[in-house]
Amino acid sequence: MPTPKLGVCYYPEHWPEARWALDARMMRAAGLSLVRIGEFAWSRLEPRPGEFDFGWLDRAIATLGEAGLGIVLGTPTATPPRWMLERHPDMLAVDAEGRPRKFGSRRHYCFAHEGYRAEAARIAGLLGERYGRNPHVVAWQIDNEYGCHDTVVSYSDAAARGFRRWLAARYGDVSRLDEAWGNVFWSMEYTAFEEIDPPNLTVTEANPAHTLDYRRFLSDAVVAFNAAQVAALRPHTDAPLSHNYMGRILSFDHFAVGRDLEIATWDSYPLGFLEDRSDQGEDWRRRFARQGDPDFQAFHHDLYRAVGKGRWWVMEQQPGPVNWAPHNPAPLPGMVALWTWEAIAHGAEAVCYFRWRQVPFAQEQMHAGLLRPDAAPAPGLAEARAVADALDDLPETGTAPVGLVVDYQASWVWETERQGAECDYFRLVFDVYRALRCAGLSVDILPPTTRDLSAHALVLAPGLAIWPEPLREALAAHDGIAIAGPRTGAKTDAFRIPEALPPQMPGVDARVTRIETLRDDCPVALAEGGAFRFWREFVEGDAPVLEACADGEPALVGTRERAYLAGWPDDIALDRIVRRAAGAAGLATLALPDGLRVRDRGSVRFVMNYSAEPVSLDGVVPGATGTLPPAGTLRLPRA
Amino acid sequence: MPTPKLGVCYYPEHWPEARWALDARMMRAAGLSLVRIGEFAWSRLEPRPGEFDFGWLDRAIATLGEAGLGIVLGTPTATPPRWMLERHPDMLAVDAEGRPRKFGSRRHYCFAHEGYRAEAARIAGLLGERYGRNPHVVAWQIDNEYGCHDTVVSYSDAAARGFRRWLAARYGDVSRLDEAWGNVFWSMEYTAFEEIDPPNLTVTEANPAHTLDYRRFLSDAVVAFNAAQVAALRPHTDAPLSHNYMGRILSFDHFAVGRDLEIATWDSYPLGFLEDRSDQGEDWRRRFARQGDPDFQAFHHDLYRAVGKGRWWVMEQQPGPVNWAPHNPAPLPGMVALWTWEAIAHGAEAVCYFRWRQVPFAQEQMHAGLLRPDAAPAPGLAEARAVADALDDLPETGTAPVGLVVDYQASWVWETERQGAECDYFRLVFDVYRALRCAGLSVDILPPTTRDLSAHALVLAPGLAIWPEPLREALAAHDGIAIAGPRTGAKTDAFRIPEALPPQMPGVDARVTRIETLRDDCPVALAEGGAFRFWREFVEGDAPVLEACADGEPALVGTRERAYLAGWPDDIALDRIVRRAAGAAGLATLALPDGLRVRDRGSVRFVMNYSAEPVSLDGVVPGATGTLPPAGTLRLPRA
Amino acid sequence: MPTPKLGVCYYPEHWPEARWALDARMMRAAGLSLVRIGEFAWSRLEPRPGEFDFGWLDRAIATLGEAGLGIVLGTPTATPPRWMLERHPDMLAVDAEGRPRKFGSRRHYCFAHEGYRAEAARIAGLLGERYGRNPHVVAWQIDNEYGCHDTVVSYSDAAARGFRRWLAARYGDVSRLDEAWGNVFWSMEYTAFEEIDPPNLTVTEANPAHTLDYRRFLSDAVVAFNAAQVAALRPHTDAPLSHNYMGRILSFDHFAVGRDLEIATWDSYPLGFLEDRSDQGEDWRRRFARQGDPDFQAFHHDLYRAVGKGRWWVMEQQPGPVNWAPHNPAPLPGMVALWTWEAIAHGAEAVCYFRWRQVPFAQEQMHAGLLRPDAAPAPGLAEARAVADALDDLPETGTAPVGLVVDYQASWVWETERQGAECDYFRLVFDVYRALRCAGLSVDILPPTTRDLSAHALVLAPGLAIWPEPLREALAAHDGIAIAGPRTGAKTDAFRIPEALPPQMPGVDARVTRIETLRDDCPVALAEGGAFRFWREFVEGDAPVLEACADGEPALVGTRERAYLAGWPDDIALDRIVRRAAGAAGLATLALPDGLRVRDRGSVRFVMNYSAEPVSLDGVVPGATGTLPPAGTLRLPRA
Ligand SMILES: [Zn+2]
Ligand SMILES: [Zn+2]
Ligand SMILES: [Zn+2]
């Protein structure tokens with residue numbers, strides 16, 4: 001495998017052309033070999049409809065490319081120019097309050113609008129034609145951060161029309177839809193697809209089957225929007241196509257988008273994400289305020305490795321304070337390097353920083369770059385340089401011993417039928433991931449379409465509310481250890497409780513007869529310690545009881561090899577369950593002190609200290625001794 | 001009095017016809033003798049406008065009735081079919097944000113829309129014609145849960161038009177309205193009724209007189225909507241007419257609706273209501289998470305006994321976890337029975353569980369039934385059966401020694417002019433109710449139209465912001481003990497401060513010269529212990545001071561027989577005030593430990609343990625010994 | 001200087017004409033000599049368009065004036081009558097949700113609507129013609145409480161049209177706007193001014209330059225609205241023109257409005273403001289619940305003295321509980337007098353109470369007056385009377401030794417680009433003000449247009465995000481001590497980071513290279529104690545380091561005379577910084593116990609006790625001995 005690369009995001013259109021060459025030389029001097037450009041530049045490429053100016057981009061590509069930088073060229077479809085709204089006045093997304101989401105920032109389009117979709121394909125095709133064979137262009141990025149700013153769920157007229165067509169295609173006859181959704185329930189029956197609206201602003205909650213189909217339709221619209229640009233680009237280029245995803249966006253099926261692309265990338269903002277999308281509470285946020293959640297990036301690295309079918313990058317790496325979280329502190333010195341190493345440990349082909357130079361105008365002027373606004377080096381630059389200097393060949397990423405199934409559709413089910421205020425699919429899956437990582441285990445994330453589990457000694461499938469049939473079969477055939485639950489198989493494809501009751505798990509004779517949700521201050525104790533919190537199921541059946549609640553109800557049932565978990569374990573219980581399962585799978589676990597994390601890449605083990613204190617490694621990580629400073633990273637051969 | 005009955009809610013249209021007879025037999029075997037059907041089935045009765053299918057309902061009634069079940073037949077007007085919106089596109093309610101509340105769930109209509117009101121009367125009349133003399137139909141239910149999902153307050157054009165007509169009828173000339181409302185205040189004077197809008201989205205608060213009249217108009221619209229169906233049904237049936245009210249809905253005058261019906265019923269969801277409509281704080285919610293608030297159901301039992309003029313049922317009794325509260329735990333074993341007994345102790349003619357079988361589709365698929373989705377018994381079934389087995393003749397409910405006045409209009413005054421963030425009429429009244437119940441006293445709730453108080457040794461009228469003249473006269477003539485205040489008589493009918501100052505209470509020479517509202521952390525101590533919280537009045541006059549604040553200001557003034565309370569007492573103060581007043585009225589009180597409650601029905605006393613711990617009864621309840629387990633109920637003769 | 005006057009707000013149109021003379025006599029007997037009338041009476045002056053009734057106002061002015069009261073006559077433009085909406089249906093403001101803010105209360109107009117602006121000038125002119133030379137009319141008030149109820153920011157079509165014109169005038173060519181705003185950033189470039197909307201409901205944040213220009217435009221609209229009435233009144237009267245501002249309203253430039261008026265007044269509601277606009281937390285609110293924030297009124301007194309160019313009043317002084325805050329307690333006895341004395345200590349020419357008699361109808365019926373609704377004296381009356389009795393000649397207000405720069409535009413910058421959740425300009429400035437006052441220092445507030453600082457030994461300019469060039473020059477020339485920062489000069493006029501980096505402070509060689517914002521639980525300790533909170537900057541340059549952070553980074557740089565503060569100090573740090581700077585400026589400071597405050601007026605020192613406990617003055621205030629009771633005020637010669 002080639003040495004991982006470092007790169008940076010750059011906006012030639014923001015700076016005087018006379019500056020480009022110097023910037024390019026400085027990038028190279030900093031050890032960077034990739035540069036992403038162009039993804040917001042539509043108004044400069046096509047200032048008026050049909051009137052093009054590619055000259056500046058030709059020159060920018062030449063200048064950067066000739067300096068030795070590989071170029072990732074973005075399609076600018078996240079920022080349609082103002083004139084686009086004259087052509088397609090109804091192209092804006094509409095929010096849950098019924099208000100159009102207007103021009104003046106970015107991502108101002110509804111994925112379901114076919115007119116805008118065609119415009120996006122048009123500009124992508126033109127870029128492909130012009131630059132598809134340009135030797136400096138080493139990869140393409142389509143659009144930017146699908147779903148960011150909550151832009152997938154839209155209630156526009158275009159979406160309503162598309163939804164009706166989608167439903168007609170799915171059900172053929174509206175009476176089949178009525179039957180599938182159970183519309184008899186509250187006289188919600190339809191007599192024509194034209195009568196059906198998006199499930200919004202109803203008096204009380206809409207039919208969950210209605211909502212789930214709408215979420216599926218919206219996700220399909222993202223896939224189709226992306227696919228239209230893929231189709232426009234493909235004939236013109238052999239360079240890989242990519243998209244840069246975000247953190248904790250569950251509103252569309254990333255695996256489905258990823259199937260049409262060669263590379264998955266993501267935008268990693270550890271401090272911003274800790275502040276604005278962690279469930280771990282205020283004390284956790286305080287402790288990791290300058291380091292970021294120690295598992296959040298790791299989770300997404302593994303997730304996007306799966307989405308990219310093995311090929312993945314970090315496209316935007318936070319290099320200093322950002323501008324958009326509730327609080328925006330500076331990283332602890334060393335963290336920019338640590339974050340980069342963490343990505344590499346998980347197999348990143350490249351890590352690009354966002355952005356080269358802090359821009360002194362417009363929305364992100366308070367977002368740090370590798371350079372300050374005055375072009376002097378910002379603190380991140382030296383850390384990037386230090387990583388670049390230390391980079392060399394690394395073993396293949398290989399396969400991790402543990403597989404964790406992640407399914408976007410499951411998150412839509414949990415969101416649609418929350419049942420308890422804290423019950424969130426991502427939170428559950430991420431709790432499990434954290435427990436695995438705290439035990440020192442490396443993880444592969446598995447899409448729900450996985451048909452073969454044989455590479456993984458231990459497989460976990462929490463919260464998989466609707467069984468993907470091939471996965472159920474793979475599980476039945478799996479040799480290793482597998483744990484599913486809670487809420488696995490809780491719904492049919494039509495969002496109904498299965499007649500034979502969940503979970504219908506191969507090899508486990510158990511039926512969930514009822515569930516309850518729990519206040520945070522009302523956990524249900526487990527007999528061996530810890531508790532179920534938030535979600536708890538009552539199980540019947542002949543499956544042996546592996547763990548019980550303190551009240552005697554089964555908590556974990558089945559066999560060592562194939563077990564079903566009847567609730568949402570707290571950290572204490574998850575730690576025990578994960579370590580036992582790992583032991584049964586023949587996997588060694590570690591007892592890592594607070595903030596220390598480990599990731600194996602082939603024969604190399606990376607050790608990272610996310611805490612703000614030095615940590616002694618003696619007796620903690622086999623083969624390691626001494627003390628790891630805050631934000632320290634250690635590379636050692638696996639024991 | 002006949003033995004109370006048990007029943008259940010059933011939806012034949014949700015299940016295969018072949019299953020109906022078995023379900024009916026199982027209901028009978030469980031000790032149930034009533035079944036409510038039909039209230040959401042409009043799309044199956046009239047699939048297209050004017051096209052009817054009564055066949056299935058004929059057969060369902062026959063099957064259930066012949067199995068020995070008495071049928072409560074619902075009019076399906078809470079769920080107008082989709083085609084209704086083609087006929088009346090403007091029938092939807094409009095929320096406070098100005099958004100129509102759309103089709104896709106239930107209760108999607110504005111009470112003030114006359115076209116839909118006529119449609120509702122039409123379907124009610126047709127059902128009356130067909131089933132009014134059917135011997136199996138033992139009662140009717142009109143619509144379902146008026147006001148649920150906040151559906152009374154609507155700002156639709158239909159409501160605006162109706163409001164103008166209502167104002168014209170009330171005031172005759174717009175100058176009289178200007179005068180009554182005091183519109184001179186901010187140049188808000190009108191010159192025609194057509195200029196007046198509903199009081200919504202004004203720059204700052206609307207004139208409270210404007211708001212109060214709108215609340216009255218909205219309440220009248222509910223009464224008229226119900227009356228239209230009463231008028232359509234009455235000619236066709238002798239069976240009693242009913243409606244199933246909800247918990248803590250103050251948006252319309254239930255007494256006014258109840259005057260047109262024979263029976264009041266309500267839908268009792270103790271665990272859901274504890275979570276989503278209790279003021280008692282998080283620790284209280286934790287302690288009673290699996291039992292429900294120990295007084296909330298009792299309050300509503302007494303309330304709806306008054307609304308039903310003595311005849312009342314529980315129409316929907318929670319049988320297990322529900323699906324709609326922030327958290328939905330399972331009841332403590334025994335609570336389903338305890339809740340049933342509590343209703344019977346308060347004189348319920350019937351208690352029906354909601355629902356027979358958990359439905360595996362649509363909005364309420366996570367709502368427990370007496371059967372599980374797979375038709376096996378759910379835990380609630382055995383508890384219902386146990387109650388059925390223990391049921392026998394009980395004495396008449398009789399009259400409780402304590403009367404507590406409840407007035408919906410008062411709640412509109414408090415809501416319209418809150419003055420302090422925590423100042424809520426229901427909360428105040430319910431605080432008083434809880435104090436009475438903690439003292440072991442049984443309560444009758446009295447409507448504001450009460451003209452004779454002689455049956456009650458002790459009468460309480462807290463927060464009655466506008467005096468109903470007959471009640472004031474009844475109070476003047478009352479022989480027993482009476483306490484009014486705070487805020488009694490604070491406003492005239494036109495929402496003005498009375499010229500002679502409040503409270504104008506017969507027999508108490510006192511004037512409230514000013515009031516203040518208090519932060520929760522700034523209570524005003526009372527000389528004898530406890531404090532006023534939230535609301536406090538300064539009183540002048542010759543009435544003797546019965547209790548004073550620690551700062552010397554009067555707190556309770558008047559005589560032993562007729563006293564005015566100048567603030568909102570905390571629990572300690574309320575307990576003292578209530579016990580003293582009961583003593584003066586010759587009523588014995590009990591010192592009940594936490595969670596224990598008592599209700600007398602004629603010569604029988606019911607003792608119920610709402611705590612999660614066993615409670616010793618020795619020396620606590622006269623004539624009772626030993627220990628009552630959690631969720632335990634005891635019946636004993638009154639000492 | 002003449003003796004300060006007391007007055008009251010009165011609404012003859014609310015009361016029977018027969019009552020007016022008695023009210024006037026009672027006012028005089030209470031020691032009042034001013035009465036404000038007319039400001040909400042449009043519907044009585046012009047009941048239908050063009051149809052006038054001035055008779056009642058003629059008689060009211062005569063009655064009040066002949067009783068010896070000087071009259072402040074208001075223009076009624078805060079309450080356009082209902083018919084105005086028939087003439088100008090599009091005159092309403094539109095809120096951030098896109099909803100018109102409707103008729104039914106007050107302030108229902110958009111400042112940018114030119115049709116309504118002309119109507120307002122028309123009625124002002126008519127009043128001027130009729131009463132401009134009336135000898136009883138001693139002053140005019142234009143409109144009422146600009147910006148109250150959040151009425152400056154509006155997204156109406158009228159505002160959008162006005163904004164485009166304003167932009168066209170400012171930039172001439174749209175390409176200059178694109179360049180200034182940096183619209184290239186996300187392809188936000190425009191090709192015509194007509195394409196530009198107000199920055200609202202964009203997908204993510206709008207360009208901050210776009211938002212800042214909109215804020216400037218909205219502020220200019222307030223200035224223009226006021227100026228139109230000034231122009232209409234001026235030809236008819238020599239009496240001073242005024243407006244009554246509110247507390248903590250930052251939405252328009254009060255200095256700019258004030259330039260067109262002779263007198264600034266403000267409406268001081270200490271208890272309401274403590275509840276609804278203090279940042280100091282719940283414990284602070286509890287401690288001062290009945291006294292109000294001890295510094296909030298003082299700050300605004302000093303602010304409006306500056307806005308009024310030395311001439312200022314309190315136009316509405318809270319006399320008892322109000323009706324609009326989350327909680328509305330009664331003031332501690334004595335506070336009405338203390339609040340009045342505090343105003344006088346700061347140089348108020350007059351203090352008027354709001355209102356004379358509590359009105360028994362409409363929106364403010366729970367707002368106390370000097371009389372109760374039954375016309376008996378309310379507690380505030382005696383306190384006003386006591387102040388009146390004690391009033392006599394006082395020295396000129398003079399100049400305070402400390403100057404504090406306040407700039408409305410800076411608050412728009414902070415709001416537009418908050419960067420940290422707690423980062424609010426007013427909060428920062430008010431923190432500094434509190435520290436000064438706790439050190440016993442009297443303060444002059446300085447507008448950003450100040451060109452001469454020589455009167456002030458110590459000048460503070462926190463948070464001044466955009467340098468006003470003359471002030472920067474004045475600072476360069478200043479002889480005394482000056483401290484600026486944090487965030488001073490952080491932006492250019494076009495909302496860009498200056499190329500040479502901030503702060504560009506004369507005499508301080510320092511560059512802010514980056515900033516970070518801090519969670520409340522993540523302060524950055526300072527070496528000498530206390531900490532930076534919320535906002536922290538990293539500074540480079542040759543300026544000496546006066547204070548450092550515990551981590552060694554500079555915290556205060558420059559010289560004793562000219563220093564730049566690189567963060568937001570907590571109370572401990574601010575106290576030290578302020579005392580040291582005062583010491584360097586040769587100013588004595590005091591160590592005042594909790595709740596005690598001091599204000600010097602010429603040779604007289606006022607000492608006020610805002611705490612609820614008596615405070616010993618021995619050794620605390622030079623020349624004072626003994627104990628000051630709660631709500632006590634002491635006047636003594638300055639030591
Ligand atoms: Zn990004
Ligand atoms: Zn219900
Ligand atoms: Zn006011």
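**A tour of the predicted model**

Welcome! Begin by selecting residues 9-393 of chain A, which the unreviewed UniProt entry lists as "domain: Glycoside hydrolase family 42 N-terminal". Keep in mind as you look around that this is a predicted model. Colour the span by secondary structure: 40% of it is helix and 9% is strand. Its end C-alpha atoms sit 24 Å apart.

Next, click on the zinc ion (ligand 1). Which residues are its protein donors? They are Glu145(A) and Glu316(A), each offering an OE atom and lying 2.3 Å from the zinc ion. Trace the backbone from each one: Glu145(A) lies in the loop between strand S4 (137-141) and helix H6 (157-171) of chain A, while Glu316(A) belongs to strand S7 (residues 312-317), so the pair ties together parts that are 171 residues apart in sequence. Now switch on the surface. Glu145(A) is buried, with a relative accessible area of 3%, and Glu316(A) also counts as buried, at 3%.

Move over to chain B and pick the zinc ion (ligand 2). Here the protein donors are the OE atoms of Glu145(B) and Glu316(B), 2.3 Å from the ion. Both Glu145(B) and Glu316(B) are buried.

For the last stop, go to chain C and select Glu547(C), in strand S16 (residues 545-548). Is this residue buried or exposed? Glu547(C) is buried, with a relative accessible area of 3%. Show side chains and look for Arg576(C): its side chain makes a polar contact with that of Glu547(C), at 2.8 Å. Other residues that Glu547(C) touches include Leu526(C), Pro554(C), Leu556(C) and Ile577(C).

Methods. Residues numbered from 1 in each chain as written. Chains lettered and ligands numbered in written order. Predicted model: local features only at pLDDT ≥ 70, side-chain atom pairs only at ≥ 80, totals over all residues. Heavy atoms only, no water. Donors = N, O, S within 2.8 Å, 3.2 Å for Na, K, Ca; no water. Helix = DSSP H or I, 4+ residues; strand = E, 2+ residues; numbered from the N terminus. Buried < 20%, exposed > 50% of the residue type's maximum accessible area, 1.4 Å probe, protein only. UniProt positions renumbered as here; feature names shortened; annotations may be inferred. Polar contact = N/O pair within 3.5 Å; in protein donor to acceptor, adjacent residues only side chain to side chain. Contact = heavy atoms within 4.5 Å. Lists of a residue's contacts leave out its neighbours within four places in sequence.
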